[in-house]
Amino acid sequence: MMRFVMLSIVALAMSGCASNVVTDYNSSVVFGNYSSWAFASTAETESSSFVSLDGSRVRDAIERELNRKALQRVSQAEADLLVSWRIVPEDRLEQTGLGLGFGFGSGNFGWALSAPPPVREIKEGKLVVELADSKTKEVVWRAASRRYLNENQSPETRRKLIDEVVTEMFTKYPPGLD
């Protein structure tokens with residue numbers, strides 16, 4: 001019994017350490033060579049409803065984090081890095097409530113019928129941020145959130161979530177420091 005309790009505690013502790021973001025990068029790039037950035041023009045033209053609602057929140061959070069990294073915001077023509085972001089829409093099915101069921105039987109034999117709980121579709125969005133070298137136009141660093149924005153969140157909840165996710169993304173930039 002004690003062993004089961006210890007394993008449960010370890011499993012919970014490890015799940016609490018799981019990252020909410022996934023990053024990838026070009027290992028041949030020297031990130032110390034980058035000192036300036038600008039938003040790529042495509043970062044503003046996404047047509048997703050999530051972007052139109054949360055665009056300024058995402059832009060503010062990215063700008064704050066790049067400033068913390070001592071990268072200077074400049075015009076797109078002068079930038080070393082071009083920053084693009086998007087919120088990738090996803091649909092998820094969720095069962096809510098209780099299912100119905102009834103049954104009868106006697107002894108070792110019985111019958112039962114049940115109906116599953118109702119299912120509803122939830123629209124969510126996953127934030128993806130990419131940094132591209134302005135000369136080669138190739139992505140050199142990418143971060144994707146494992147946490148989702150959804151249509152039922154309040155504006156304050158959405159702002160907090162975006163701030164938390166973007167902050168966690170940029171703790172992994174430049175790569176190789178963790």
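**Figure 1. The whole chain holds 3 helices and 8 strands.** This is a predicted model, so let us start with the overall layout before zooming in. Read from the N terminus, the elements follow the order α-β-β-α-β-β-β-β-β-β-α. The protein chain has 178 residues, and 33% of them count as buried. About 11300 Å² of the chain is exposed, with carbon and sulfur atoms supplying 56% of that area. Take the contacts between residues at least 6 apart in sequence: 75% of them join residues at least 24 apart.

**Figure 2. A nonpolar core of 29 residues is the largest in the model.** In soluble globular proteins, nonpolar side chains tend to be buried together. Which residues touch the most other members of this core? They are Ile-62, Leu-127, Val-129, Trp-141, Met-169, Phe-170 and Tyr-173. Two or more residues each come from β2 (36-39), α2 (49-68), β4 (81-95), β7, β8 (139-150) and α3 (155-170). Helix α3 gives the largest share, 6 residues. A second, separate core has 5 residues, including Ala-40, Val-74, Ala-79 and Leu-82.

**Figure 3. Here we zoom in on Val-129, a residue of strand β7 (residues 119-133).** Is Val-129 buried or exposed? Val-129 is buried, because its relative accessible area is 0%. Leaving out residues up to four places away in sequence, Val-129 touches Ile-62, Val-83, Ser-84, Trp-85, Trp-141, Arg-142, Ala-143, Met-169 and Phe-170. Ile-87 is 42 residues away from Val-129 along the chain, yet their C-alpha atoms are separated by 8.8 Å.

**Figure 4. Helix α3 has several buried residues.** They are Arg-158, Leu-161, Ile-162, Asp-163, Val-165, Val-166, Met-169 and Phe-170. You can check the length of this helix yourself: at 1.5 Å a residue, its 16 residues should span 22 Å. The end C-alpha atoms of α3 are 23 Å apart, which agrees. Within α3, Asp-163 forms a salt bridge with Arg-159, and their closest N and O atoms are 2.8 Å apart. The two partners lie 4 residues apart in the helix, so about one helical turn separates them. Asp-163 is buried at 18% relative accessible area, whereas Arg-159 counts as partly exposed at 34%.

**Figure 5. Salt bridges link residues into a network.** Side chains of opposite charge can pair when their charged atoms come close. The structure holds 9 salt bridges. Arg-64, Glu-65, Arg-68, Glu-156, Arg-159 and Asp-163 are linked in one network. Within it, the side chains of Glu-65 and Arg-68 meet at 2.8 Å, N to O. These two sit 3 residues apart in helix α2, so about one helical turn lies between them. Glu-65 is buried, with a relative accessible area of 4%, while Arg-68 is exposed at 56%.

**Figure 6. A salt bridge joins Arg-142 and Glu-130.** Their closest N and O atoms are 3.3 Å apart. Arg-142 belongs to strand β8 and Glu-130 to strand β7, so the pair ties together parts that are 12 residues apart in sequence. Arg-142 counts as partly exposed at 32% relative accessibility; Glu-130 is buried at 15%.

**Figure 7. Three nonpolar residues form a patch on the surface.** The patch consists of Phe-104, Phe-109 and Trp-111, which together have about 420 Å² of accessible area. Phe-109 lies in strand β6 (residues 109-115). With a relative accessible area of 55%, Phe-109 is exposed.

Note on methods: Residues are numbered from 1 along each chain as its sequence is written. This is a predicted model: local features need pLDDT of at least 70, side-chain atom pairs count only at pLDDT 80 or more; totals for chains, interfaces and linings use all residues. Side-chain values use heavy atoms; hydrogens and water are left out. Buried means under 20% relative accessible area, exposed over 50%, partly exposed in between (1.4 Å probe, protein chains only). Contact means heavy atoms within 4.5 Å. Patches are made of residues with over 30% relative accessible area and no salt bridge: like charges are joined within 9 Å, nonpolar side chains (Val, Leu, Ile, Met, Phe, Trp, Tyr) within 5 Å. Accessible areas come from the Shrake-Rupley method with a 1.4 Å probe; for residues, only the protein chains shown count as cover. A salt bridge is a side-chain nitrogen of Lys or Arg within 4 Å of a carboxyl oxygen of Asp or Glu. A nonpolar core is a set of buried Ala, Val, Leu, Ile, Met, Phe, Trp, Tyr and Cys residues joined through side-chain atoms within 4.5 Å. The expected span of a helix is 1.5 Å times one less than its number of residues.
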